[in-house]
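Student: I have a structure here that I don't know yet. Can you walk me through it?

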Amino acid sequence: MSYLTVMKKFDDKLHSIVLSEDGSYTAYSKEYEEHYHSTKDGALYESLVKHVIPAFELKKNHSEITILDICFGLGFNTLATIWYHRQNRLTSKLRIFSPELDGSLVKSLKYFSYPKEFEPLKNIVKELSQNGIYQDETLHVEIFVGDAREYIKRFSAQTFDVVFQDAFSPAANPLLWTKEYFMDIKNIIKDDGVLTTYSIALPIRVALWESGFYVFLNSGEGFRDATVASQSKLDIYSVVDVEHKMRCNPHVTSLRDCTL
């Protein structure tokens, strides 16, 4: 089967395929009118530097790491996590849980053209695409098709070590960026857990701060700034003085469920 035939099977009325600057492909959602990844930073590179590497910098010595990947989308964050874990020969067990609203997208992922780094993970992609779950001795991945807000309420307090906050933007999907949403996240993340996100928007940082998180800057070479948040102090990141920014921008408020 040719590359074009395979990609056509993935590409449907709701998505189109886009080449990003690191050479990996992402997709454009016609429903949300946004790309799944930054085409400038690159799909794979963005997953690594904005989510995976910060998570493992803080959790690499844990014997087991439980991750909430909001939302699964094309699966880059989850697959990059597995790839990075194996590349660095880490011995921790991984448990990854991820909600995704678009079930047809999940089923089509076996046809998506992933970067060469993910070639060894093709069997995982196939299992997730067909069954929504993959498990072996050191890895458990589970996709929930449905509403993320309802899904996270299923988990008990202090379940997650890491949350990848990677929903479509607040403008496109505001319900996954409100203060109330982050309060729900706070209830299920561990005291020393970490949340990563591409967003540096002040209303989002305010919502995190109002929910009891410290907010930190994730910056580096070759990618646009991002955010890390935790209920604990993180010495390896520069803290963002959200209170000062609020005083300088008194018109800025967090998103709230009741105003959407």
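Tutor: We can go over the chain as a whole, then one strand.

Tutor: This is a predicted model, where local features need pLDDT of at least 70, side-chain atom pairs count only at pLDDT 80 or more, and totals for chains, interfaces and linings use all residues. Residues are numbered from 1 along each chain as its sequence is written, and side-chain values use heavy atoms, with hydrogens and water left out.

Student: How many helices and strands are in the chain?

Tutor: The chain has 9 helices and 12 strands. Helices (H or I, at least four residues) and strands (E, at least two) are DSSP runs, numbered from the N terminus.

Student: And how much of the chain is buried?

Tutor: Of its 260 residues, 52% count as buried, meaning under 20% relative accessible area with a 1.4 Å probe, protein chains only.

Student: Let's switch to strand 7. Why is it largely enclosed?

Tutor: Strand 7 covers residues 139–145, and 5 of its 7 residues are buried, so the rest of the structure largely encloses it.

Student: Which way does strand 5 pair with it, parallel or antiparallel?

Tutor: Strand 5 (residues 93–100) pairs with strand 7 in the parallel sense, over 7 bridges. Pairing requires that DSSP finds at least two bridges between the strands. I96 has V141 in strand 7 as its bridge partner.

Student: What about strand 6 and strand 7?

Tutor: Strand 6 (residues 133–135) runs antiparallel to strand 7, joined by 3 bridges. The two form a hairpin with 3 residues between them. Here I133 has E142 in strand 7 as its bridge partner.

Methods. Buried means under 20% relative accessible area, exposed over 50%, partly exposed in between (1.4 Å probe, protein chains only).
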